[in-house]
Amino acid sequence: MAGTRTLKLSILADVDDLKRKLNQADNDVSTFGDKVSKMGQVMAAAFAAAAAAATAYATKLAVDGVKSALEDEAAQARLAQTLKAATGATEAQIKATEQYITKMQLATGVSDTDLRAAMGRLALSTESVTKAQELLSLALDISKARGLPLETVANALGKAFDGQTTALGKLGIGLSSAELKGKSFGEVQDRLNSLFGGAASAAADTYQGRLDRMKQLFSELVEGIGYKFLPIISKIADFIMNTVVPNFGKFLDIFKPIGEAIERNRENFQKFADLIQTYVIPVVGVAFVAALKVIGEVAGFILDVKIGRAHV
């Protein structure tokens, strides 16, 4: 009997141990499942945040790109007009000049906007695309060597080419007023090349120069994105100018009778507005405002669809 009881107790102990282990295993699995579930939620939230950030950044790139593209397009047009008027440049020369400016921008880290302004200024004095490009390179060297704005240097060189060397002498370039007055512009240019030639290239190889070049490369990429959107914006602008504006008067005529009716019943409308303000708004509060917003959004969507279909 003792042996039987011992065997029974041993079996019961084994069963209890098995139950404990099964329960433990079940708890472990549940805990692991909870961890996996929580991890999934965290990862989902992280991916959602990343997607939202990426969308916001992409939107910013598009907006900045369009703005940059519009400004770039305007700057190109100004330079083209200046080159045509001052030098009689052909379309091929203007295109080659833009390529030259882009190459110089990426090589030196100077914005194409500044390069175009300097190029235009020098073209006005030299009346030559080739000479203006030659002096632009010199202006860049002096600008980098002396830490001066490119526009300031280009303006001084342009005046010196015209025979007025005062502004150039004030740049601190190592040439006295007497030396500048006693030399031809060609001699002055040669002297400046010997003093500052290669300064822009050397500056581009510094740490700051590399950062500036990377900045300009990124700027060109953003502009490229913006240029992709310009045709869409152009179509919207054409629609507004050619369709909306000419028919705006007709649109107002449609609402003229409504406006007149409102004006005739101004007192009643005011009483109704006072009633809403006094009794309705305090009760429904935010919910009422939110409902109005929803109604407005739905109405806007319907109008968008109808307008879109009407013009397909």
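**Exercise 1. Check the length of helix α2 (residues 91-108) against its expected span.**

*Solution.* Start with the terms: helices are DSSP runs of H or I with at least four residues, numbered from the N terminus. The expected span is 1.5 Å times one less than the number of residues. For the 18 residues of α2 that gives 26 Å, and the end C-alpha atoms are 26 Å apart, so the two agree.

A word on the model before going on: it is predicted, so local features need pLDDT of at least 70 and side-chain atom pairs count only at pLDDT 80 or more, while totals for chains, interfaces and linings use all residues. Residues are numbered from 1 along each chain as its sequence is written, and side-chain values use heavy atoms, with hydrogens and water left out.

**Exercise 2. Work out how the buried residues of α2 are arranged around the helix.**

*Solution.* First, sort the residues: buried means under 20% relative accessible area, exposed over 50%, and partly exposed in between (1.4 Å probe, protein chains only). The buried ones in α2 are Ile94, Thr97, Glu98, Ile101, Met104, Gln105 and Thr108. Next, look down the axis: these buried residues fall within an arc of 130°, so they line one face of α2. The arc is taken from the directions from the helix axis to the C-beta atoms. This pattern has a simple background: an α-helix has 3.6 residues a turn, so residues three or four places apart point the same way. Finally, turn to the other side of α2, where Ala92, Lys95, Gln99 and Lys103 are exposed.

**Exercise 3. Find what covers the buried residues of helix α5.**

*Solution.* Begin with the helix: α5 takes in residues 150-161, and its end C-alpha atoms are 16 Å apart, in agreement with the 16 Å expected for twelve residues. Its buried residues are Leu150, Val153, Ala154, Ala156, Leu157, Gly158 and Ala160. Their cover includes α3 (112-126), α4 (129-146), α6 (166-169) and α8, where contact means heavy atoms within 4.5 Å.

**Exercise 4. Classify the aromatic pair that a search of the whole structure finds.**

*Solution.* Rings of Phe, Tyr and Trp (its six-membered ring) pair if their centres lie within 6.5 Å; planes under 30 degrees apart count as stacked, over 60 as edge-to-face and the rest as tilted. The search finds one pair. The rings of phenylalanine 161 and phenylalanine 185 have centres 5.2 Å apart and planes at 75°, so the pair is edge-to-face. Now place the partners: phenylalanine 161 is in α5 and phenylalanine 185 is in α8, 24 residues apart. Phenylalanine 161 is partly exposed at 31% relative accessibility, whereas phenylalanine 185 is buried at 15%.

Notes: Helix = DSSP H or I, 4+ residues; strand = E, 2+ residues; numbered from the N terminus.
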